[in-house]
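This report describes one protein model in plain terms. The sequence and the structure come next, followed by the text.

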Amino acid sequence: MSRAKFNGLNLQKSRIGEMIDDAIRNAEICTMWYALKMHTELTYRKRLSHIGKEYNLSPSRIEDIVRENESI
């Protein structure tokens with residue numbers, strides 16, 4: 001029996017689990033974006049840089065995530 005399986009259960013993340021993880025990460029990014037915007041005097045680019053370093057994402061992807069959240 002491989003280490004990835006235990007009693008017939010596959011321990012790899014399911015696609016649904018990955019989607020939930022992405023949704024949580026996106027919510028955290030949006031929360032951080034608006035908190036930095038409201039409570040600091042960081043410029044737009046510095047907010048992008050800070051969040052990008054925290055989540056290892058490109059500035060354009062962060063902008064997309066924030067825009068997607070605004071449209072909901």
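## How the helices pack

In this predicted model, helix H1 (residues 15-39) and helix H3 (residues 59-70) pack at an angle of about 90°, and their axes are 10 Å apart. Axes here are lines fitted to C-alpha atoms, for helices over the stretch in contact, and angles run from 0 to 180 degrees between N-to-C directions. H1 and H3 are therefore roughly perpendicular to each other. Angles under 35 degrees count as roughly parallel, over 145 as roughly antiparallel, 65 to 115 as roughly perpendicular and the rest as oblique. On the H1 side, Arg25, Asn26, Ile29, Cys30, Trp33 and Tyr34 meet Arg61, Ile62, Ile65, Val66, Asn69 and Glu70 of H3. Contact means heavy atoms within 4.5 Å.

The axes of H2 and H3 come within 9 Å and cross at roughly 100°. The partners H2 and H3 are therefore also roughly perpendicular to each other. Their contact is made by Tyr44, Leu48, Ile51 and Gly52 of H2 together with Pro59, Ile62 and Glu63 of H3.

Residues are numbered from 1 along each chain as its sequence is written. Because the model is predicted, local features need pLDDT of at least 70 and side-chain atom pairs count only at pLDDT 80 or more, while totals for chains, interfaces and linings use all residues; side-chain values use heavy atoms, with hydrogens and water left out.

## The chain as a whole

The protein chain has 3 helices and 2 strands, and along the sequence they follow the pattern β-β-α-α-α. Helices (H or I, at least four residues) and strands (E, at least two) are DSSP runs, numbered from the N terminus. Of the 72 residues of the chain, 18% count as buried. Buried means under 20% relative accessible area, exposed over 50%, and partly exposed in between (1.4 Å probe, protein chains only).

The protein chain exposes about 5,900 Å², and carbon and sulfur atoms supply 55% of this area. Accessible areas come from the Shrake-Rupley method with a 1.4 Å probe; for residues, only the protein chains shown count as cover. Among contacts between residues at least 6 apart in sequence, 41% join residues at least 24 apart.

## Tyrosine 44

Tyrosine 44 lies in helix H2 (residues 44-55). Which residues does tyrosine 44 touch, not counting residues up to four places away in sequence? The residues are Trp33 and Glu63. Tyrosine 44 and tryptophan 33 are 11 residues apart in sequence, and their C-alpha atoms are 9.6 Å apart in space. Tyrosine 44 has a relative accessible area of 41% and is therefore partly exposed.

## Salt bridges

A search of the whole structure finds 3 salt bridges. A salt bridge is a side-chain nitrogen of Lys or Arg within 4 Å of a carboxyl oxygen of Asp or Glu. The table lists the pairs.

| Arginine | Acidic partner | Closest N and O atoms |
|---|---|---|
| Arginine 61 | Glutamate 68 | 3.7 Å |
| Arginine 67 | Glutamate 63 | 3.9 Å |
| Arginine 67 | Aspartate 64 | 3.2 Å |

Arginine 67 and glutamate 63 are 4 residues apart in helix H3, so about one helical turn separates them. Arginine 67 and aspartate 64 are 3 residues apart in helix H3, which also means a separation of about one helical turn. Salt bridges that share partners join Glu63, Asp64 and Arg67 into one network.

The members of this network are partly exposed: arginine 67 has a relative accessible area of 47%, glutamate 63 has 22% and aspartate 64 has 32%. In the remaining pair, arginine 61 is partly exposed at 28%, and glutamate 68 is partly exposed at 41%.

## Surface features

Ile16, Ile20 and Ile24 make a nonpolar surface patch of about 300 Å². Patches are made of residues with over 30% relative accessible area and no salt bridge: like charges are joined within 9 Å, and nonpolar side chains (Val, Leu, Ile, Met, Phe, Trp, Tyr) within 5 Å. Isoleucine 16 is in helix H1 and counts as exposed, at 59% relative accessibility.

Asparagine 56 is found in the loop between H2 and H3. Its phi is near 55°, a positive value in a residue other than glycine. At 70% relative accessibility, asparagine 56 counts as exposed.
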